[in-house]
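Colleague: Please take a close look at a single part of this model, beginning with one pair of elements and working outward from there, and set the result out as one connected account.

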Amino acid sequence: MGESLTIEVRNTQDAIAPATEEAERWLEAHEVSPRTIYLALLAIEELVTNCIHYGYDDTAEHTIRLEFGLADGALTMEVTDDGHEFDPVNAPEPDFSLELEDRPVGGLGIHMLRKLADEMTYERVDGKNRVRLVKRQGL
Amino acid sequence: MTSTSPETSPARVECVQGIPVVVISGRLDTHTAPAFDVQAAQMMAEKHARVLLDLSGVTFISSAGLRSILQIIKHTNRSGGRTGIFSVPEQILEAIEISGFQPLLDIFPDRETALNGSSV
């Protein structure tokens, strides 16, 4: 038996907060652990922001789909968008050896997701990017 | 639900023993970071070798929030000093650690230790 939630987010910065609030309410109602909630909210912000900034060349409205699933003691989250092909799983790691002034700001959000999630996978399906994150609840 | 009003200031700056102590509340993310950056820029109008960040009230930090903190780190670095943080909630500390920021900061358990560990 599993529970699921789907949220459609417009590709605009002000669409992130309402999506985050809705996800947080649902996760808290399902007694998901704070650590897992943190990952979910971070993923929404980092992946949607990335998509908004880099995903599209046009000014049209696009929809980013967030799907949450709870089953077998794990939260699964899938983020699907129809922007440019972008594989965050294989995106380069930020270079932590760089001198402070040279440290790039890109890639940090994706790096955080990689470290916090138990699994992170990517596939390009039907012209869409699909990122899947799994976080197992400590039981 | 869209908000067209400016975001409530996420931080206030106190001056303690000549050191700016930035008390940050709530979320430091893509939504609140711009307002925070404006406040931080006002603080950074003068040079500081030491800035302390009170993170006790921070509930969430994303890469956008970490970038805001990085600006303060660079600011104190330019004066040959360091930025310190104290009273960091566990989840926020984890975010700082996985982001590779730990070596860039002095991390204190509380305000008193942070102030004692700082010299003007």
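Modeller: In this predicted model, the helix pair of chain B is a good place to begin: from H1(B), the residues Ala33(B), Phe36(B), Asp37(B) and Ala40(B) meet Ala64(B), Gly65(B), Ser68(B), Gln71(B) and Ile72(B) of H2(B). Sorted by class, this contact of H1(B) with H2(B) comprises five nonpolar, three polar and one charged residues. Helix H1 covers residues 33–43 of chain B and helix H2 covers residues 63–78 of chain B, and their axes come within 10 Å while crossing at roughly 10°. Because of that crossing angle, H1(B) counts as roughly parallel to H2(B).

The second of these helices leads on to the sheet of chain B, which is open, has five strands in the order S1-S2-S3-S4-S5, and shows mixed pairing. Strand S1 (11–16) and strand S5 (105–108) of chain B each have a single partner strand, so they stand at the edges, and one side of each is left without a neighbour in the sheet. From one strand to the next, the twist in this sheet averages 25°. At the S5(B) edge, strand S4 (residues 82–86) of chain B and S5(B) run parallel and are joined by four bridges, with Gly84(B) standing opposite Asp106(B) in S5(B). H2(B) packs on this sheet, where it touches strand S2 (19–28), strand S3 (50–61), S4 and S5 of chain B, and the direction of H2(B) makes about 175° with that of S3(B).

Moving from chain B to its partner, 23 residues of chain A are in contact with 18 residues of chain B. On the side of chain A that touches chain B, the elements giving two or more residues are helix H1 (16–29), helix H2 (34–54) and helix H3 (108–116) of chain A. Among these, H2(A) gives the most, with eight residues. By class, this side of chain A has 14 nonpolar, three polar and six charged residues.

Chain A also has an open sheet of five strands, here in the order S1-S2-S3-S5-S4 and with antiparallel pairing. Its edge strands are strand S1 (3–10) and strand S4 (119–125) of chain A, each of which pairs on one side only, and neighbouring strands in this sheet are turned by 15° against each other on average, direction ignored. Strand S3 (residues 74–81) of chain A pairs with strand S5 (residues 128–136) of chain A in the antiparallel sense over eight bridges, and within S5(A) the bridge partner of Glu78(A) is Arg132(A). Two helices pack on the sheet of chain A. H1(A) touches S1 and strand S2 (63–71) of chain A, its direction making about 175° with that of S1(A), whereas H2(A) touches S1, S2, S3 and S5 of chain A, with a direction that makes about 10° with that of S3(A).

H2(A), which gives the most residues to the side of chain A facing chain B, also figures in the interior. The largest nonpolar core has 61 residues, and those with the most contacts inside it are Ala40(A), Ala43(A) and Ile44(A); H2(A) gives the most to this core, with 12 residues. In soluble globular proteins, nonpolar side chains tend to be buried together. When neighbours within four places in sequence are left aside, Ala40(A) is in contact with Ala23(A), Leu27(A), Phe68(A), Leu75(A) and Met77(A).

The connections in chain A deserve a last look for their backbone angles. Most residues other than glycine have a negative phi. Glu31(A), in the loop between H1 and H2 of chain A, nevertheless has a positive phi near 55°, and Glu31(A) counts as exposed because 8 other C-beta atoms lie within 10 Å. Asp72(A), in the loop between S2 and S3 of chain A, likewise has a positive phi, of about 55°, without being a glycine, and Asp72(A) counts as exposed because 10 other C-beta atoms lie within 10 Å. In the hairpin of S4(A) and S5(A), which has two residues between the strands, Asp126(A) takes a positive phi near 50°. The two strands of that hairpin, S4(A) and S5(A), run antiparallel and are joined by seven bridges, and the bridge partner of Glu119(A) in S5(A) is Val134(A).

How values were computed
Residues are numbered from 1 along each chain as its sequence is written. Chains are lettered from A and ligands numbered from 1 in the order in which they are written. This is a predicted model: local features need pLDDT of at least 70, side-chain atom pairs count only at pLDDT 80 or more; totals for chains, interfaces and linings use all residues. Axes are lines fitted to C-alpha atoms, for helices over the stretch in contact, and angles run from 0 to 180 degrees between N-to-C directions. Angles under 35 degrees count as roughly parallel, over 145 as roughly antiparallel, 65 to 115 as roughly perpendicular and the rest as oblique. Two residues are in contact if their C-beta atoms, placed from the backbone, lie within 7 Å. Ala, Val, Leu, Ile, Met, Phe, Trp, Tyr, Cys and Pro count as nonpolar, Asp, Glu, Lys and Arg as charged, and the others, Gly among them, as polar. Two strands pair if DSSP finds at least two bridges between them. A nonpolar core is a set of buried Ala, Val, Leu, Ile, Met, Phe, Trp, Tyr and Cys residues joined through C-beta atoms within 7 Å. A residue is buried if 20 or more other C-beta atoms lie within 10 Å of its own, exposed if 12 or fewer, and partly exposed in between; C-beta atoms are placed from the backbone.
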